Amino acid sequence: MKRYIKEQEISPGHQGNQQSYFHALLGTFSAEMNRMESFIDVGCREGYLMKEIFQKTQISSVAGIDYFTWGKDICIPELRENYHQWDLRDSLEKAAWLGEKYDIVNCTEVAEHIDPAYCDTFMKNLKMLTGEYLVISWSADTTNDPNHQHLNPLDIGGFHAKMEEYGFSRNDNLTARLVTEGRNHRIPFWYLTNGISVWEVED
């Protein structure tokens with residue numbers, strides 16, 4: 001079965017871009033960070049965002065999920081125990097490591113790569129992980145560049161409907177703040193307008 005992105009096609013993320021995104025995320029949640037205790041990066045690659053959150057914020061519980069075999073080896077030693085190898089098309093109900101939910105869940109450059117046949121399982125997984133906030137990106141571009149491997153054709157409206165179906169409510173204020181912070185930190189405009197948003201779990 002074809003994975004949502006082939007492992008051999010993934011390399012460590014561009015550190016400059018990841019640093020810019022970290023600072024945008026930090027600015028977005030500046031008021032909330034002091035009371036947050038846990039964070040997980042869904043699709044964490046080599047764990048760069050995990051490292052930045054762990055080393056530069058007061059958040060004590062930091063984790064990540066990805067299915068690559070090499071990411072855990074690159075991740076800093078202090079976080080390797082919390083780097084979980086998991087195929088997000090499989091239900092997290094089977095995950096022995098899954099405990100309490102996380103205050104902030106980051107899920108960027110992941111959702112659009114999930115085949116529609118597994119979309120509901122993926123959404124249930126996000127719901128199981130999210131204690132309060134979910135930052136997620138979405139692109140419905142399935143035709144412009146096949147190398148992107150964007151498999152899910154839902155447009156933004158369909159994506160919003162799917163989020164609401166699973167009990168998420170879009171936080172317009174935090175979404176606007178994230179876009180502003182992203183521009184301030186020179187995150188590409190196409191990325192900021194391509195469906196990145198902040199959601200709160202309703203139940």
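**Around Leu134, and outward from there**

Let's start in the middle of things: once its neighbours within four places in sequence are set aside, Leu134 is in contact with Val105, Cys107, Leu126, Met163, Phe168, Ser197, Val198 and Trp199. Keep in mind as you look around that this is a predicted model.

Leu134 belongs to the largest nonpolar core, a set of 28 residues, and it is listed with Phe122, Ile136 and Phe168 as having the most contacts inside that core. The elements giving two or more residues to this core are strand 1 (38-42), strand 2 (61-66), strand 4 (102-107), helix 4 (119-129), strand 5 (130-136), helix 5 (156-165) and strand 7 (197-201). Helix 4 supplies the largest share, five residues. There's also a second, separate core of 26 residues, with Cys44, Tyr83, Leu178 and Ile187 among them. As a general habit of soluble globular proteins, nonpolar side chains tend to be buried together.

Now follow the strands. Strand 7 has four of its five residues buried, so the rest of the structure largely encloses it. It runs antiparallel to strand 5, joined to it by four bridges, and here Val135 stands opposite Val198. Strand 7 also pairs with strand 6 (residues 168-170), again in the antiparallel sense, over three bridges; in this pairing you'll find Ser169 opposite Glu200.

Strand 1 is mostly covered too, with five of its five residues buried. Look at either face and you get a similar story: Ser38, Ile40 and Val42 are buried on one side, and Phe39 and Asp41 are buried on the other. Its pairing with strand 2 is parallel and takes in five bridges, with Ile40 standing opposite Ala63.

Next, a charged residue to pause over. Glu181 sits in helix 6 (residues 172-184). Glu181 is buried, yet it has no salt bridge. The nearest side chain of opposite charge belongs to Arg177, 6.6 Å away, and that leaves Glu181 unpaired because a salt bridge needs the nitrogen within 4 Å of a carboxyl oxygen. So what does Glu181 touch? Not counting residues up to four places away in sequence, it touches His23, Ala24, Gly27 and Thr28.

Finally, a word on confidence. The chain has a mean pLDDT of 84, and 82% of its residues reach 70 or more. Residues 7-12 are a spot to treat with care: pLDDT stays under 50 there, although the model has 15 contacts beyond four places in sequence for them. Where pLDDT is low, the predicted coordinates should not be read in detail.

Note on methods: Residues numbered from 1 in each chain as written. Predicted model: local features only at pLDDT ≥ 70, side-chain atom pairs only at ≥ 80, totals over all residues. Heavy atoms only, no water. Core = buried A, V, L, I, M, F, W, Y, C linked by side-chain atoms within 4.5 Å. Buried < 20%, exposed > 50% of the residue type's maximum accessible area, 1.4 Å probe, protein only. Contact = heavy atoms within 4.5 Å. Lys, Arg positive; Asp, Glu negative; His and termini not counted. pLDDT = per-residue confidence, 0-100. Pairing = 2+ DSSP bridges.
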